[in-house]
Amino acid sequence: MKIQPFLPVAEPDLSGNELNYVSNCVRSTWISSKGEFIDRFERQFADYVGTKYAVSTCNGTCALHLAIKALEIGAGDEVIIPDLTFIASANSVSFTGAKPTLVDIDNNTWNIDPDKIVRNISQKTRAIMVVHLYGHPADMNRIMGIARKYKLLVIEDAAEAHGAEVKLNYPIIQSTNNSKSKKYSWKKVGSIGKVGCFSFYGNKIITTGEGGMVTTNDEKLAIKMRILRDHGQKPGRRYYHEVIGFNYRMTNLQAAIGVAQLERINEFVNRKKEIGRYYSQNLKNIPGITLPPAENWAKNVYWIYSILIDKPFPKTRDELIGILKQENIETRPFFYPLNKLPPYLSSERYPITERVSATGINLPSGVNLEEKDILRIIEIIKNI
Ligand SMILES: *Cc1c(COP(=O)(O)O)cnc(C)c1O
């Protein structure tokens, strides 16, 4: 039997100007955290997301931690987060001494449930961290409404959703005066809350190897994050440290790869969307398979195409992972509910998270997958 090619869940495409720009850093010896690519990457990423500022960091977890620190959230405070997410969302809150309050997800979006947010707001709640899981935005219209009503900050963990969009149904405050005509405009995730946090890990929509970014429209906050990122050093005053900061800087090498990746981000996002549509067209109407969220107010970028496998499908999720593995196809189960992990154990019930987590599977979604590769996966699933 002919061995079929290996199909990974995600792999980066570095075939553009990446090598060229990295060589430039090496030849010029600007390989540390100063250099032209850092400013360029920050400027261009802010423009892409649609915010005034972007602050680069050494990875996505640092981006979240830096943002939460700069917002002065810490011991005694609570931050509401979804129970279904990668652990870095919760850990970045814990690092500051604040407590993550876990909230169940919504059946339709697989993201934090706005109704359940309201029930979990306490005197100590300072912020809501939304996570745009697997590329589909959280319900930002309702969440921003709740945040305004209860005077909470909104932190967007957009690590999995570069380029995903939300159709906002409230007037957007623009620097120009024509906000009336912009009433129902589409906005990219990471530009809606107080801050947006991105990751450029190797499997994310664009990569810098390791890397992260915080986007914001708040100038003071951006300045504060730049200080905290650089050991708390006051700009223009060498070795004068005003506060306890971190070394969370991105290197010029990372930023060089980032600039090259940004040149192709629209191509990557469009390809992900195409792959998502192709899977969904072919997997719809199969009993026991739930397709990923596709709300009409949202544009899913299908970072990783994901489905739920449940009865009456003849195999369980874990059995399907095994079958695909034998065919040289890599998949992943969904994240565990945070409430089931030792650092965040809870006796509360999170029924939707638990069901989605136990039945969810990530399928190969790399931008270089060909139609025939996807068809091979679809055929295996259909034959079951
Ligand atoms: C990848 C990811 C992060 C963390 O990013 P790193 O760059 O790996 O530190 C945070 N949150 C979510 C939801 C992620 O998927």
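Reader: Why is lysine 151 called exposed?

Author: Its relative accessible area is 73%, and a residue counts as exposed over 50%, as buried under 20%, and as partly exposed in between (1.4 Å probe, protein chains only); the value for lysine 151 is over the upper cut-off, so the residue is exposed. The model is a predicted one, in which local features need pLDDT of at least 70 and side-chain atom pairs count only at pLDDT 80 or more, while totals for chains, interfaces and linings use all residues. Residues are numbered from 1 along each chain as its sequence is written, and side-chain values use heavy atoms, with hydrogens and water left out.

Reader: What is noted about the backbone of lysine 151, and where does this residue lie?

Author: Lysine 151 has a positive phi of about 55° although it is not a glycine, and it sits in the loop between helix 6 and strand 5 (153-157). Helices (H or I, at least four residues) and strands (E, at least two) are DSSP runs, numbered from the N terminus.

Reader: What makes tyrosine 134 count as buried?

Author: The relative accessible area of tyrosine 134 is 4%, which is why the residue is placed among the buried ones. Tyrosine 134 also has a positive phi of about 55° without being a glycine, and it is found in the loop between strand 4 and helix 6.

Reader: How do you know that tyrosine 21 is buried?

Author: Tyrosine 21 has a relative accessibility of 13%, and therefore it counts as buried. This residue belongs to helix 1, and its C-alpha atom is separated by 10.0 Å from that of glutamine 254, although the two residues are 233 apart along the chain.

Reader: How do you know that the length of helix 9 agrees with its number of residues?

Author: The expected span is 1.5 Å times one less than the number of residues; for the 19 residues of helix 9 (residues 265-283) this should give 27 Å, and the end C-alpha atoms are 27 Å apart, so the two agree. Just after helix 9, asparagine 285 takes a positive phi of about 65°.

Reader: What makes a set of residues a nonpolar core, and which residues touch the most other members of the largest one?

Author: Such a core is a set of buried Ala, Val, Leu, Ile, Met, Phe, Trp, Tyr and Cys residues joined through side-chain atoms within 4.5 Å. The largest nonpolar core has 65 residues, of which Phe41, Phe45, Ile117, Ile128 and Met140 touch the most other members. The elements that each supply at least two residues of this core include helix 1 (18-28), helix 2 (36-49) and strand 4 (125-131), and the largest share, 7 residues, comes from helix 2.

Reader: Why is the pair between threonine 61 and the ligand called a polar contact?

Author: With the ligand, a polar contact is a pair of N or O atoms within 3.5 Å, and an oxygen atom of the ligand is 2.5 Å from an N or O atom in the side chain of threonine 61, so this pair qualifies. A nitrogen atom of the ligand is likewise 2.7 Å from an N or O atom in the side chain of aspartate 157. Taken alone the ligand exposes 380 Å² (Shrake-Rupley method, 1.4 Å probe), and the protein buries 92% of that.

Reader: Which element gives the most to the shell around the ligand?

Author: Helix 3 does, with 3 residues.

Conventions:
Polar contact = N/O pair within 3.5 Å; in protein donor to acceptor, adjacent residues only side chain to side chain.
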